[in-house]
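Thanks for making time, everyone. I'd like to walk you through a structure you may not have met before, so let's put it up on the screen.

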Amino acid sequence: MKITVFGSGYVGLVTGACLADVGNDVVCVDVDRDKIEKLRDGIVPIYEPGLGAMIETNRVGGNLDFTTDAARGVAHGNILFIAVGTPPDEDGSADLRYVMAVAQTIGIHMGEYKLIVNKSTVPVGTADAVESEIKKQLMARNQSIDFDVCSNPEFLKEGAAIDDFTKATRIVIGAETAQALELMRELYAPYNRNHDKIIAMDIRSAELTKYAANAMLATKISLMNELANIAERIGADIEHVRIGIGSDPRIGYHFIYPGCGYGGSCFPKDIRALTRSAASLGLDAGVLAAVELVNENQKQNLFAKVSDAFSGNLAGKTIAVWGLAFKPNTDDMREAPSRTLMDSLWAAGARVRAFDPKAMEECSRIYGDRADLVLCETAIDALHGSDALVICTEWKAFRTVEPSLFTHTLAHPIVIDGRNIYEPSRMRSAGIVYYSIGRQTVR
Ligand code: NAD
């Protein structure tokens, strides 16, 4: 099949590469010239396991190409994916300007039937707006060309995106014509052989399904973090509580880890956007508002612990930070807890020595050169010359460290673990002051 994907970010590149990998002829379009030039030169601008190799194979094989030429993109695909960003607007609602710009481009250039598939996370009603925009452009050209718009929300997780796309647990398709659904079934057939994972529904329900999934997941995290804070103050251990509640199959063990708050490009903005959508309908989305509030507070939790460790006196202190990405296996630092922490440390007059296995370039792009930030070559390097360590991301490489490393390198043996990756008893034996989430501080 001939496919065009508008937007070559995390979702667009994974979609384009995976669809090319099963034999489709794919063109990825982006407005970012620099990004497209890099991709044409075989450089992948983001870190996502397996993506680079998949792009390279298909680019060299001739069935994956990159362009900034939107007209060429529209002409190429029978199926046109919209996978552009939907960042938060000033009031928290989703900013649809990029989605609508693609819709306009499609309306201006299309010359025959197209199936337009929206993969961006968008508020309910966006497919209608995309359809209206395309019709408007066609009318302006005195053209009457048949087309369909459908919704195909993306559920991939950064860090596991290729597997999530190719071995998805569900493929949600909001379609309202038989032709659109049939084409989507054909497109997804290579990933749908074992059993039928396609969940077909009306477009509005599909659009809401994506927000509902993220709302449910973010709620689990914030509730767990709230329980962790209660456990910490009441003398309990949230890790025991986690095992205790996860054993109930109605609750389950998935996604109930306490931590230093959720970040990334999806949960924060999607929770805000859904809250705004509800407000615009006169509904008070109290649970969602609380989920966001708890998360904002939780992101401050690490700084509060560092501050406690130094009795509020952080001026002139140097703090090692392990993990900058919002989660492991990605270089994405959008709304990452590490950023909240570093901003607070700098505001308090502290310096930071930071390390992340994949996000160093992204960190330097965000913060540039600053005297109070040293980007270190290794995790161990970050410890040397630091007064304490804070762990923001649970990268595997951080989990197997001998506690003696901390006592040999840090000026004070203080570790603040935002992801509960160490056993408090081992830290106690090594003489480390160990703060974690929802557990008693070891002194
Ligand atoms: P991103 O910011 O990584 O990439 C978006 C890309 O779109 C950018 O490269 C940008 O230059 C490009 N773009 C903007 N306007 C364009 C236009 N008119 N034509 C062509 N390209 C254009 O975003 P992302 O993380 O890939 O997210 C895309 C969408 O998918 C968002 O709605 C997001 O909420 C949703 N989503 C993201 C994830 C995730 O984990 N990142 C998961 C599921 C859904």
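**A walk through the model**

Let's start at E154, which sits in the loop between β6 (147-151) and α7 (161-166). A quick word on those labels: helices (H or I, at least four residues) and strands (E, at least two) are DSSP runs, numbered from the N terminus. Before I go on, note that this is a predicted model, where local features need pLDDT of at least 70, side-chain atom pairs count only at pLDDT 80 or more, and totals for chains, interfaces and linings use all residues. Residues are numbered from 1 along each chain as its sequence is written.

So, is E154 buried or exposed? E154 counts as buried because it has 22 C-beta neighbours inside 10 Å. The cut-offs are these: buried takes 20 or more other C-beta atoms within 10 Å of the residue's own, exposed takes 12 or fewer, and partly exposed is in between, with C-beta atoms placed from the backbone. Setting aside neighbours within four places in sequence, E154 is in contact with V11 and K119; contact here is C-beta atoms, placed from the backbone, within 7 Å. E154 and V99 are 55 residues apart in sequence, and their C-alpha atoms are 15 Å apart in space.

Now the strand just before that loop. β6 is largely enclosed by the rest of the structure, because four of its five residues are buried. Strand β5 (residues 114-118) pairs with β6 in the parallel sense over five bridges, and pairing asks for at least two DSSP bridges between the strands. One pair to look for is I116 with its bridge partner V149 in β6. Add helix α6 (residues 126-140), and β5, α6 and β6 make a right-handed β-α-β unit. Right-handed means that, with the strands pointing away from the viewer, the path from the first strand over the helix to the second runs clockwise.

Next, find L80, in strand β4 (residues 79-82). Why do we call L80 buried? Because 27 other C-beta atoms lie within 10 Å. Leaving out neighbours within four places in sequence, its contacts include T4, F6, I106 and I116.

Further along the chain is strand β7 (residues 171-174), covered on both faces: I171 and I173 are buried on one side, V172 and G174 on the other. From β7 the chain crosses through helix α8 (residues 178-188) to β8, and this β-α-β crossover is right-handed too. β7 and β8 (residues 198-201) pair in the parallel sense over four bridges, with G174 opposite M201 in β8.

What about the ligand? There are 26 residues around it, and G7, G9, V11, S120 and T121 come nearest; being near means a C-beta atom, placed from the backbone, within 6 Å. α1 (10-21) and α5 (97-109) are the elements giving two or more residues to this shell.

Finally, zoom out. The assignment gives domain 1 (2-201) and domain 2 (217-435), with bounds that come from an automatic or database domain assignment. Their C-alpha centres lie 33 Å apart, and the contact takes 16 residues from each of domain 1 and domain 2.

One last stop: helix α13 (residues 337-347), whose buried residues include P337, L341 and L345. The buried residues of α13 pack against α12 (286-309), β9 (318-322), β10 (351-355) and β12 (388-391). Just after α13, G349 takes a positive phi of about 90 degrees.

Definitions and conventions:
Contact = placed C-beta atoms within 7 Å.
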